[in-house]
Amino acid sequence: MKFDEESPEKAQRKVGIKNFEFALGVRFAFPMNRSLRTDFQPWQTLDSPIATLQNMCDSFLVIYVETDILVRKMKKASTRREFLQAAGAGAVSTILSRKLSWAVPSAKKSSLHKPNLVFIFADQWRAQATGYAGNPDVRTPNLDKLAEESISFSRAVSGCPVCCPYRASLMTGRYPLTHGVFLNDVRLSSDAVSIAQTYNQAGYETAYVGKWHLDGRDRSAFIPKEKRQGFRFWRAMGCTHDYNNSFYYADENVKLKWEGYDAIAQTRQVQQYIREHSGGKPFALFLSWGPPHDPYHTAPAKYRELFEQKKLVLPDNVPSHHWDSAQKALAGYYAHIAALDDCIGWILVTLRELNLENDTIFVFTSDHGDMLFSHGEQNKQRPWDESILVPFLVRYPAALGRQGRTVDMPINTPDIMPTLLGLSGLDIPDTVEGTDFSAVVSGSEKITDNAALICCPSPFGQWKRENGGKEYRGVRTKRYTYVRDLKGPWLLYDNEKDPYQLDNLCSKPEHSELQSRLDSILCEKLRQTNDDFLPGWEYIKKWGYEVDQSGTVVYTS
Ligand SMILES: [Ca+2]
């Protein structure tokens, strides 16, 4: 968080509302910040004793959030070096807290000590398809407004960019070769502590609405309680993309129908859940939409009409012989997106009306992107940015304020669970492999770069070997993409100079030093994640999966 000492008004928006008793409790719970008192001069900018008291509480809560993140990092540090690094972040905390000494509270007050979580993710929504990312055609006014108030990760990476592997990593904070879901339509085991179980243990209500896709090959089967990874409230089904004829189950083995376009009906369900749970325990709520995944032309007519006659801008990496197909597909894709943007708006209004928005961590993202004819490719699984980069917005006014900020450090799928738990002030289970970037979200820690591991352990389905599918491992850093297949180095892009990834620098002598450096980073990532980069069939054999000749699990819908 950057705080401008010249502008208390700005800071007021950033700091948001805080809780009085909580802050005082925190003040005594964290005596390590006692020295701050000497620098704390709220009366300089405030004119009433009550305002002064509230001001103190505001600053203390920020100290709490920062300190709590620090304490958990120090607990987790396994080496002296990591411990010292974590301790170093404390200095940043202290400076930040001092800068906040004049901060004033907003008018509203909160009664929640633990933030709610509303995590909304779409299916196949690529990063470039939002207005706030600069797309001139797409219609996302609600997301654009949300982005102004959010931390926006401009390089959020789907590390194994296809449905089930992403979802399994989201649920467990683990990499695909650890949780074992490196193909679609295999079941996620319950041997790791899931994100829902963690929130349950912390006294939360947990809820899941929409597409689940973690229970094996029967995509429309009833999923009993013991196979829901801990989610208590349940309105979900495995997988369908028949959005206007879409079903779900609650607690009984009775198939229920989402009326109309399923994403809208699911959104209404989520609004109802929020209304019914607004006065009780904090909740962690996941909403998983099927769109804008193909079929592209099934959004409600009023959204399709917005784009059908429009000439849409195509990325420079769509080959000319695909222009007509890409235009047609994009019109339908953007129609789904326009519908989902309205859904986002409705949920945000519900949170605001219930006075919950300050104390709610609100996340919007997607499981992976969509090639949409870039490089002549379709769908996902591929290592190019259209496939691996997704939107990722985090808004949490009570702790982060309301001044949006863009973070260009890559964050990977296994990092989501620990980062959300970190922001929620909860302990991170030992089974998690991802990194807690909550201090990056809060702004107390500056990490300029991070290498997100990207992979296809075994090609299948829409990216069979006959369509060019192959095993790969790579890294996406802030600037570069570097990928190896089983034969050796395959792709190297300077995404800053070449945002459409048209110039493969791999194995060019003038870039050998860069390639070697990125290769070392990749090797280290593989070592850290116990990944021997074997041929795909080795992993299929190891996990005992039954696949067809193309390496695909045969599913029923
Ligand atoms: Ca998907």
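These exercises, each with a worked solution, walk through parts of the predicted model shown above.

Residue numbers start from 1 along each chain, following the sequence as written. Because the model is predicted, local features need pLDDT of at least 70 and side-chain atom pairs count only at pLDDT 80 or more, while totals for chains, interfaces and linings use all residues.

**Exercise 1. The chain as a whole**

State how many helices and strands the chain has, what share of it is buried, and what share of its contacts join residues at least 24 apart.

Solution.
- Start with the secondary structure: the chain has 17 helices and 17 strands. Helices (H or I, at least four residues) and strands (E, at least two) are DSSP runs, numbered from the N terminus.
- Next, burial: 52% of the 557 residues count as buried. A residue is buried if 20 or more other C-beta atoms lie within 10 Å of its own, exposed if 12 or fewer, and partly exposed in between, with C-beta atoms placed from the backbone.
- Finally, contacts: among those between residues at least 6 apart in sequence, 70% join residues at least 24 apart. Two residues are in contact if their C-beta atoms, placed from the backbone, lie within 7 Å.

**Exercise 2. A sheet of four strands**

Work out the strand order of the sheet that contains β14 to β17, and find which strands stand at its edges.

Solution.
- Take the pairs in turn, where two strands pair if DSSP finds at least two bridges between them. β14 and β15 pair antiparallel over 5 bridges, with Cys-455 opposite Arg-473 in β15.
- β15 (residues 472-476) is joined to β16 by 5 bridges, again antiparallel; here Val-475 has Tyr-482 as its bridge partner. These two strands form a hairpin with 3 residues between them.
- β16 and β17 (residues 488-494) pair antiparallel over 6 bridges, and Asp-485 is bridged to Gly-488 in β17. This hairpin has 2 residues between its strands.
- Put together, the open sheet has the order β14-β15-β16-β17 with antiparallel pairing. β14 and β17 stand at the edges with a single partner strand each, so one side of each has no neighbour in the sheet. From one strand to the next, the twist averages 15 degrees.

**Exercise 3. What encloses these strands**

Decide how far β14 and β16 are buried, and name the helix that lies across the sheet's strands.

Solution.
- In β14 (residues 452-456), 5 of the 5 residues are buried, so this strand is largely enclosed by the rest of the structure.
- Recall that side chains in a regular strand alternate between the two faces of the sheet. In β14 both faces are covered, with Ala-452, Ile-454 and Cys-456 buried on one side and Leu-453 and Cys-455 on the other.
- In β16 (residues 480-485), 5 of the 6 residues are buried, so β16 too is largely enclosed by the rest of the structure.
- The helix is α16 (residues 512-528), which lies across β14, β15, β16 and β17 and runs at about 110 degrees to β15. Axes are lines fitted to C-alpha atoms, for helices over the stretch in contact, and angles run from 0 to 180 degrees between N-to-C directions.

**Exercise 4. A loop residue**

Find where Ile-223 sits and whether it is buried or exposed.

Solution.
- Ile-223 lies in the loop between β4 (205-211) and β5 (233-237).
- Count its surroundings: Ile-223 has 21 other C-beta atoms within 10 Å, so it is buried.
- Leaving aside residues up to four places away in sequence, Ile-223 touches Trp-212, Asp-215, Arg-228, Ala-236 and Tyr-249.

**Exercise 5. Two helices in contact**

Describe how α5 packs against α11, and which residues meet.

Solution.
- Helix α5 (residues 141-148) and α11 pack at an angle of about 50 degrees, with axes 7 Å apart. That makes α5 oblique to α11; angles under 35 degrees count as roughly parallel, over 145 as roughly antiparallel, 65 to 115 as roughly perpendicular and the rest as oblique.
- From α5, Pro-141, Asn-142, Leu-143 and Leu-146 meet Asp-341, Asp-342, Ile-344, Gly-345 and Leu-348 of α11.
- By class, this contact has 5 nonpolar, 2 polar and 2 charged residues. Ala, Val, Leu, Ile, Met, Phe, Trp, Tyr, Cys and Pro count as nonpolar, Asp, Glu, Lys and Arg as charged, and the others, Gly among them, as polar.
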